[in-house]
Amino acid sequence: MQINPYLTFNGDCAEAMEFYRELFGGEIIALQKFEDAPSSGISTGIPGDRIMHMQLEVGGRILMASDAPEKMYSKPEGITIQISFDSLAEAERVFSALAEEGTVGMKFEPTFWAAGFGMLTDKWGIPWMMNCDEDKG
C-alpha cells in the first residue's frame, strides 16, 4: 500500500506544482489537462488548460494534485503536509520559500523537540509543517 497526499487547487495547480518541483528538486512524472480527455469523457465545464491530474516525485515520494471544478473547490482544512529534514539550513530554505506571499502560523525556530520547527500556509492555501529533529548538516 502507498498513501499519497492529493492537493486540489482553484485553477493554479500547474503554477503551484512547478514551484514545488523547483523548490524540492523533484520531477513531474504525470500531467493531464482537461483538454486531453477523450471527447467521450465526462463533461466537466472546466477550462481545457486546467490540470486534471499531476504527479510530482520527490525522493521516491509522490505528491498528486489537480484543479477542482469551481463549484467543488474548497480551501484545505484539517490537513497539513509535513516535511522532515536532516539539515536545518535546508529546512529554513524551504520554509522561507513556501512562506513567501503565504501566511506564517508559527515561525521556524528551535523547539523543545526539534532543532527547528515551523508552520505556514503557502500562497496557494496549502498548509505545511517543517521539522528538523537534529541538524545533521
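This section describes the fold, strand pairing, core and one exposed lysine of a predicted model.

The protein contains 2 helices and 8 strands. Along the sequence, these elements follow the pattern β-α-β-β-β-β-α-β-β-β. The C-alpha atoms fill a box of roughly 55 × 30 × 25 Å along the principal axes. Of the 137 residues, 36% are buried. Among contacts with a separation of 6 or more, 55% join residues 24 or more positions apart. The accessible surface comes to about 8400 Å². Carbon and sulfur atoms account for 50% of that surface. Negative side chains number 22 and positive ones 10. The centres of the two charge sets lie 3 Å apart.

Strand pairing was examined next. Strand E2 spans residues 27–33, and strand E3 spans residues 51–58. The two run antiparallel and share 6 bridges. Within this pair, Gln32 of E2 stands opposite His53 of E3. E3 also pairs with strand E4, residues 61–67. This second pairing is again in the antiparallel sense, over 5 bridges. Two positions illustrate the register. Val58 stands opposite Arg61 in E4. Gln55 has Met64 of E4 as its bridge partner. E3 and E4 form a hairpin, with 2 residues between the strands. Gly59 lies in the turn and has a positive phi of about 55°.

E4 has a further partner. Strand E1 pairs with E4 in the parallel sense, over 4 bridges. Here Leu7 stands opposite Ala65 of E4. E4 thus takes part in an antiparallel pairing with E3 and a parallel pairing with E1. The strand is mostly covered, with 6 of its 7 residues buried.

The largest nonpolar core holds 28 residues. Phe9, Tyr20, Trp128 and Met130 have the most contacts inside this core. Several elements give two or more residues to the core: strands E1 (6–9), E3, E4, E5 (81–84) and E8 (127–132), together with helices H1 (13–24) and H2 (88–99). H2 gives the most, with 6 residues. Among the four most connected core residues, Met130 was followed in more detail. Beyond four places in sequence, Met130 touches Ile83, Phe85, Ala91, Val94, Phe95, Leu98, Phe108, Gly116, Phe117 and Gly118. Ile83 falls in E5. Ala91, Val94, Phe95 and Leu98 fall in H2. Met130 itself sits in E8.

Lys107 offers a contrasting site. The residue belongs to strand E6, residues 103–109. Its relative accessibility is 54%, so Lys107 counts as exposed; the cut-off for that class is over 50%. Outside its neighbours within four places in sequence, Lys107 is in contact with Phe95, Phe117 and Gly118. Phe95, Phe117 and Gly118 also appear in the contact list of Met130. Lys107 and Phe117 are 10 residues apart along the chain. Their C-alpha atoms are separated by 7.7 Å. Phe95, another contact of Lys107, lies within the span of H2.

Conventions: Residues numbered from 1 in each chain as written. Predicted model: local features only at pLDDT ≥ 70, side-chain atom pairs only at ≥ 80, totals over all residues. Heavy atoms only, no water. Buried < 20%, exposed > 50% of the residue type's maximum accessible area, 1.4 Å probe, protein only. Contact = heavy atoms within 4.5 Å. Pairing = 2+ DSSP bridges. Core = buried A, V, L, I, M, F, W, Y, C linked by side-chain atoms within 4.5 Å. Areas by Shrake-Rupley, 256 points an atom, 1.4 Å probe, with all protein chains shown as cover. Lys, Arg positive; Asp, Glu negative; His and termini not counted. Charge placed at Lys NZ, Arg CZ, Asp CG, Glu CD.
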